[in-house]
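Work through the exercises below with the sequence and the structure side by side, and try each task before you read its solution.

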Amino acid sequence: MRDGPVHAATRGVNGLHRTYAGSVNESQPAGPGAAAGHQDHPDAKSRPADAVRVGPDDAGEAPETGRKEPRWWAAAAGIVAAGTGLVASELIAGFVSPSLSTMTALGGAVIDAVPPGVKDWAVSLFGTADKLALLAGMALGIAVFAAVSGVVELRRRFAGAAIFAAFGIVGVAAVLTRAQVTVSAVVLPMLAAGIAVLVLRNLIGRLAAWQLAGWQGEAADVPARRGFFQLLGGTAAAVVVGGALATAWRGGAAGVNELRRTLRLPAPTLPAAAIPPGADIGLAGMQPLVTPNPEFYRIDTALSVPVIDPREWRLRVTGLVDREIELDFATLLAKPLRERHVTIACVSNEVGGDLIGNALWLGWPVRELLAMAGPKPGADMVLSRSSDGFTAGTPLDVLTDDRDALLAVGMNGEPLPLEHGFPVRMIVPGLYGFVSATKWLTELKVTRFADDVAYWTPRGWSARGPIKLSSRIDVPRNGGSVPSGRVAFGGEAWAQHTGIGKVELRVDRGSWQQADLALGISVDTWYQWQLGVDLQPGQHEVQVRATDLRGSVQTEEQRSVAPDGATGFHTIRVDVNP
């Protein structure tokens, strides 16, 4: 005969069957005579002679009832159990570890381990939704492992529980790699695993009881089946509600959202210059000259936005300095702050991409803080550190020259949004964000490039990242259709800390035509441009290039974003209708 009932797929010592509940059926030895000896079983009178012939080798149906094998319900039980453990862990993290939970630790570890090429692919495919895609992928992977855990737990007692325990150990290892690690955070993954095991054992026990009741007749089967589904459905509903609560709680943990909402930033000692008339050309479809906060791109390594109480925030200046300094938020706000429009860009921005934005920043010059610390001779780099462990290496001379490198506290007239670095971040004109724009700033270490490396450098990116001279076409959109005749083109060009001298367009690789260039807010922002071009019906290729105020012309050479930024002409194709 085949191996025992579905809830007892393992064979004990001396040929005896061990059930999921752990008892040994001593009246039914396994072996050649087992089928003939079924009458010795206490339940033999209440079930068909071949009722025990249900196991992993069967084709998916129990012969005595025609019921499908319970592996699908076991898989569902595993998923619900894993969800219960993770949601409970996230809820508890909101109280004991707001900045680090099991899921954020696992996600951060995945981000750290991903090769640069995969990271570039994810950013190009998902854009600023890359973290949502990562979370969805993690959820799918966890669901698969949880489903397998449920199935193997049904077939072999404690096997699924062992998988959950292993997952808890992996979670602890991930937490230990995070900069925000605390004792409370270390406990969370094992707590999640423990809760998941308890729920799994309970659900699988109910499922096994339902299967056993099926052999004893329909009257016994109905309450057992109802008990399993009530527990499964109730637990699943609790997971959904708990997940929503965890998301809401962690999004506003420690009251930081409320603190930010009520924070009143001081008026700048040096307000920004007025935007020149004509700087915004007003062409329909163009990106705004100043990017609204909700539309500003976000690319960073933080899976969950760090939660920092500004009353507890401190910035330390360490390393090769004459004197170490510690600055708190109230002291920073009391400094002579200045407003400046600055365009910043991500190194992952493809030619013509949208990982770039222009905002009005409020902050205190980094050079003034560094002057207080007194960098020592030989220092050439400042390693800025985020609360989540991210680091960026910025040339010391860039932070001490006359550009407006800021310890920013405000963005477009309000405190920094949480996702953009609240309470304090760095803004450095002329450099890609991966070497300058550290969010949730906690430390500035004055050092040397020869002695320290930043987060992205060992991952194949350059140590220095000046933003490339570039331009793009906003309207018409690539692949769009326009009526024949005069077609209005428009877009932006940028050469931060240098400024744009002219922008040109060419159609079908013909001669370059100079566009109308709007006035720039400053050399640290992008410039808008527009040009009307007469086009005949058909498909046309259109390219743009920029020249900066020093006379340097944007290169046509096509290069990918790694290791220090993309280059090439932004090229679009438009269909011109008759």
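**Exercise 1.** Locate Pro423 and describe the peptide bond that leads to it.

Solution. Pro423 lies in the loop between strand 11 (414-415) and strand 12 (425-427), where strands are DSSP runs of E with at least two residues, numbered from the N terminus. The peptide bond from Phe422 to Pro423 is cis, with omega near 10°.

Before going on, note that this is a predicted model, in which local features need pLDDT of at least 70 and side-chain atom pairs count only at pLDDT 80 or more, while totals for chains, interfaces and linings use all residues. Residues are numbered from 1 along each chain as its sequence is written, and side-chain values use heavy atoms, with hydrogens and water left out.

**Exercise 2.** Find the loop that holds Pro476, and state the form of the bond from Val475.

Solution. Pro476 belongs to the loop between strand 14 (470-475) and strand 15 (481-483). The bond from Val475 to Pro476 is cis, and its omega is near -10°.

**Exercise 3.** Is Trp440 buried or exposed?

Solution. Begin with the position of Trp440, which is in the loop between strand 12 and strand 13 (441-447). Next, consider its backbone: phi is positive, about 50°, although Trp440 is not a glycine. Finally, Trp440 is buried, because its relative accessible area is 2% and buried means under 20% (exposed is over 50%, partly exposed in between, with a 1.4 Å probe and protein chains only).

**Exercise 4.** Classify Asp508 by its relative accessible area.

Solution. Asp508 is found in the loop between strand 17 (500-507) and strand 18 (513-514), and its phi is near 55°, a positive value in a residue other than glycine. Its relative accessible area is 40%, so Asp508 is partly exposed.

Note on methods
Helices (H or I, at least four residues) and strands (E, at least two) are DSSP runs, numbered from the N terminus.
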